[in-house]
Amino acid sequence: MPAFGKVYLIGAGPGAQDLITLRGARLLAEAEVVLYDALVTDEMLELCPQAVKISVGKRCGQRSAAQHFINQQLVECAGKYGMVVRLKGGDPMLFGRADEELNALEAEGIEVEVVPGITTAVAAAAASKQPLTKRGVARSVAFFTSSTAPGHPEDVAIPSTDTLVQYMGGREAIATAQRLLDQGRRPDTPVVVIENVSRPDQRIGRITLAELAHGLDGAQGPVLVMLGEAMKARVNQPGLDETPAAALSSARQA
């Protein structure tokens with residue numbers, strides 16, 4: 001049986017270099033090879049100058065590496081290198097296809113360790129200073145995405161919780177908003193939209209569910225949508241520096 005190196009599935013966090021964990025940064029600095037996602041920034045890759053870097057990015061609507069090919073690359077790299085890092089945006093265990101990669105590695109008897117990262121929803125709440133829970137208002141949160149595996153229905157049910165956070169929500173804004181309105185959510189339900197969370201080109205805006213139903217055509221980067229009464233601005237809360245979400249929504253209406 002061939003000897004294999006060890007593979008680390010590391011969460012890079014939402015994008016900013018200094019939001020990766022200390023453990024994640026240390027392991028990156030020791031890695032021999034790094035297979036990284038499309039959402040991993042060039043700044044983050046500066047933490048592993050010594051490593052061979054392999055892009056295995058997957059971006060919605062664009063050509064990308066098939067998951068089975070990524071699995072194969074991980075196994076092959078573990079056969080060539082003693083320390084392999086699979087670097088994923090956010091946290092590996094949330095919308096990171098970690099289960100498929102763990103299965104592939106475990107089937108070959110390869111040792112794997114998972115290093116958590118800050119998931120985008122938590123970073124977005126921090127960036128907008130908008131807690132996902134609020135005493136007396138919201139005590140349940142659901143993270144969801146409209147992306148489904150091949151062969152599975154796309155019209156999946158939206159969770160029924162006080163606060164909803166939709167990953168990759170830009171392309172699905174109209175459909176998601178309409179389904180929520182159909183389910184009885186109030187048109188004036190507060191919504192916070194964040195594009196490129198934690199990055200220099202981060203943009204944040206406040207709109208309503210009714211405005212979200214007109215879409216977010218102007219978004220250029222990954223978009224996260226937070227929705228629910230917990231998103232209502234506090235009485236003395238400073239205004240947001242930028243309000244691109246409102247501009248994007250109005251552009252759609254025009």
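Two strands pair if DSSP finds at least two bridges between them. Helices (H or I, at least four residues) and strands (E, at least two) are DSSP runs, numbered from the N terminus.

Before you start: the model is predicted, so local features need pLDDT of at least 70 and side-chain atom pairs count only at pLDDT 80 or more, while totals for chains, interfaces and linings use all residues. Residues are numbered from 1 along each chain as its sequence is written, and side-chain values use heavy atoms, with hydrogens and water left out.

**Exercise 1. Describe the sheet that contains E7 and E10.**

Step 1. Begin with one pair: strand E7 (residues 163-166) and strand E10 (residues 223-227) run antiparallel and share 3 bridges. Within it, Gln166 stands opposite Val225 in E10.

Step 2. Now widen the view. The order E6-E7-E10-E8-E9 gives an open sheet of 5 strands with mixed pairing. Strand E6 (141-144) and strand E9 (203-208) are its edges, since each pairs on one side only.

Step 3. Add the angles, using axes that are lines fitted to C-alpha atoms (for helices over the stretch in contact), with angles from 0 to 180 degrees between N-to-C directions. On average, neighbouring strands of this sheet are turned by 15 degrees against each other, direction ignored.

Step 4. Look for a helix on the sheet, where contact means heavy atoms within 4.5 Å. Helix H5 (residues 120-127) packs here and touches E6, E7, strand E8 (190-195), E9 and E10. The direction of H5 makes about 70 degrees with that of E10.

**Exercise 2. Describe the sheet with the order E3-E2-E4-E1-E5.**

Step 1. This open sheet has 5 strands, and the pairing is parallel. Its edge strands are strand E3 (52-55) and strand E5 (112-115).

Step 2. Here the average turn between neighbouring strands is 20 degrees, direction ignored.

Step 3. Pick a pair inside: strand E2 (residues 33-36) joins E4 in the parallel sense over 4 bridges. Tyr36 stands opposite Leu87 in E4.

Step 4. Helix H1 (residues 22-30) packs on the sheet, touching strand E1 (6-11), E2, E4 and E5, and its direction makes about 130 degrees with that of E4. Helix H3 (residues 67-80) packs on the sheet too, touching E1, E2, E3 and E4, at about 155 degrees to the direction of E4.

**Exercise 3. How are H3 and H4 arranged at an angle of about 40 degrees?**

Step 1. Their axes are 9 Å apart, and the angle is about 40 degrees.

Step 2. H3 and H4 are therefore oblique to each other (under 35 degrees is roughly parallel, over 145 roughly antiparallel, 65 to 115 roughly perpendicular, and the rest oblique).

Step 3. Zoom in on Asn71, which lies in helix H3. Leaving aside neighbours within four places in sequence, Asn71 is in contact with Glu100, Glu101 and Ala104.

Step 4. Asn71 counts as buried because its relative accessibility is 14% (buried is under 20% relative accessible area, exposed over 50%, partly exposed in between, with a 1.4 Å probe and protein chains only).

**Exercise 4. Place Phe95 in the structure.**

Step 1. Phe95 lies in the loop between strand E4 (83-88) and helix H4 (98-107).

Step 2. With 38% relative accessibility, Phe95 counts as partly exposed.

Step 3. Not counting residues up to four places away in sequence, Phe95 touches Phe143, Phe144, Thr145 and Tyr167.
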